[in-house]
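Let's take a friendly walk through this model together. Keep the viewer open, and we will go from one loop residue to the helices around it.

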Amino acid sequence: MSYEPKLAAALSGATMAQLSHWRHGSGAGSAVLVPEISATRPILYSFRDVVALRTCVRLRQETSLQRIRRAVDSLREDLGEREHLSAYQLVTDGGTVYLADPDHAVDLIGHKGGKSNLVIHQLVDVLAPFYRNGRHIPDLLSPRPDVAVDPSVRGGEPVIRGTRIPAAEVAALIRDGIPPEQIADFYPGVSAGAALEATDFTDYVDSYTGTPTGVGAGASRGAA
């Protein structure tokens, strides 16, 4: 399964403009995250990319893009870490960015090793739901109670929980005028409630088009 930018944005909380900006390097540093499946059209993200994007979104809420770029560069060039960005716990106190685990933290910008109780206190589960500019970003593995994202099921395509039925296909039937109560005629075992949740989630994904709420059309690229 690969994720087109709209779905990657919806699952990560990044805006479409941010995805575009983060794919490219700048004078302030290299690209934040280049899609590992396809960085050219059609642009396609992996599940690991989405996990890493959620980390970047959380960091960007508290620190500048320049610091994030510097931290990623330091992780690669100074520490020689070559795993996918999703493999690392990156946190910020607003001033710098740390590579952290429960017992140790390394300042990726100031390059100061040692313990940091502040950082350890801030460790968060990037898969968990959070808010960005007032918008609820859902749990990555459970974006709706009856919608699941599991890399072992259809490669991580959002499906009706407990099945291999794509949520988008169920939503398409609802949008075509099929009553929720009759979805089971097409997909046995899919309840009316699950069908409505699939439609709600698909509507949420489709909201990630154009200029996102909270990002003005005249916003500078440096603010991405």
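Our starting point in this predicted model is Tyr-187, which sits in the loop between α7 and α8. Is Tyr-187 buried or exposed? The answer lies in between: its relative accessible area is 21%, so Tyr-187 is partly exposed, since a residue counts as buried only under 20%. Leaving out neighbours within four places in sequence, Tyr-187 is in contact with Ile-165, Glu-169, Val-170 and Leu-173. You can also look from Tyr-187 towards Thr-163: the two are 24 residues apart in sequence, and their C-alpha atoms are 9.9 Å apart in space.

Two of those contacts, Val-170 and Leu-173, lead us into helix α6, where the buried residues are Ala-167, Val-170, Ala-171, Leu-173 and Ile-174. Viewed down the axis of α6, these buried residues fall within an arc of 155°, so they line one face of the helix. A general point helps here: an α-helix has 3.6 residues a turn, so residues three or four places apart point the same way. The cover over the buried residues of α6 includes β6, β7, α7 and α8. After α6 comes Gly-177, with a positive phi near 100°.

Now move on to α8, one of the elements covering α6. This helix runs over residues 192-206, and its 15 residues should span 21 Å at 1.5 Å a residue. The C-alpha atoms at its ends are 21 Å apart, which agrees with that expectation. Which residues of α8 are buried? They are Ala-194, Ala-195, Ala-198, Thr-199, Phe-201, Thr-202, Tyr-204 and Val-205. Their packing partners are α1 (5-12), β5 (135-137), β6 (147-148), β7 (159-160), α6 (167-175) and α7 (183-186).

Two of these residues, Phe-201 and Tyr-204, are also touched by Arg-144, a residue in the loop between β5 and β6. Despite being an arginine in a loop, Arg-144 counts as buried, at 15% relative accessibility. Not counting residues up to four places away in sequence, Arg-144 touches Pro-138, Arg-161, Glu-197 and Asp-200 as well as Phe-201 and Tyr-204.

From α8 we can step across to α1, one of its packing partners. How many of the 8 residues of α1 are buried? The count is 7, so this helix is mostly covered. The buried ones are Pro-5, Leu-7, Ala-8, Ala-9, Ala-10, Leu-11 and Ser-12. Among the elements covering them are α2 (16-22), α3 (47-60), β4 (130-132), β5 and α8. Just after α1, Gly-13 takes a positive phi of about 95°.

The helices we have visited come together again around the second largest pocket, which holds about 270 Å³ of space. Of its 14 lining residues, Lys-6, Leu-7, Pro-158, Ala-168 and Val-205 lie nearest its centre. The elements giving two or more residues to this lining are α1, α6 and α8, and α8 gives the most, with 4 residues. By class, the lining of the second largest pocket divides into 8 nonpolar, 2 polar and 4 charged residues.

A few backbone details deserve a look too. Most residues other than glycine have a negative phi, and most peptide bonds are trans. Against that background, find the cis peptide bond joining Arg-41 and Pro-42, with omega of about -5°; Pro-42 is in the loop between α2 and α3. Next, Asn-133 has a positive phi of about 50° although it is not a glycine. Asn-133 lies in the loop between β4 and β5 and counts as exposed, at 55% relative accessibility. Arg-154, also not a glycine, has a positive phi near 55°. Arg-154 is in the loop between β6 and β7, and at 34% relative accessibility it counts as partly exposed.

Finally, zoom out to the whole chain, which has 8 helices and 7 strands. Buried residues make up 46% of its 224 residues. Among contacts between residues at least 6 apart in sequence, 56% join residues at least 24 apart.

Notes:
Residues are numbered from 1 along each chain as its sequence is written. This is a predicted model: local features need pLDDT of at least 70, side-chain atom pairs count only at pLDDT 80 or more; totals for chains, interfaces and linings use all residues. Side-chain values use heavy atoms; hydrogens and water are left out. The expected span of a helix is 1.5 Å times one less than its number of residues. Buried means under 20% relative accessible area, exposed over 50%, partly exposed in between (1.4 Å probe, protein chains only). Contact means heavy atoms within 4.5 Å. The arc is that of the directions from the helix axis to the C-beta atoms. On a 1 Å grid over the protein atoms alone, a cavity is a set of points where a 1.4 Å probe fits but cannot get out, and a pocket is an open set with protein on both sides within 12 Å along at least five of seven lines; lining residues have an atom within 4 Å of a point. Grid points are joined across faces, edges and corners, and a volume is the space filled by probe spheres set on the points. Ala, Val, Leu, Ile, Met, Phe, Trp, Tyr, Cys and Pro count as nonpolar, Asp, Glu, Lys and Arg as charged, and the others, Gly among them, as polar.
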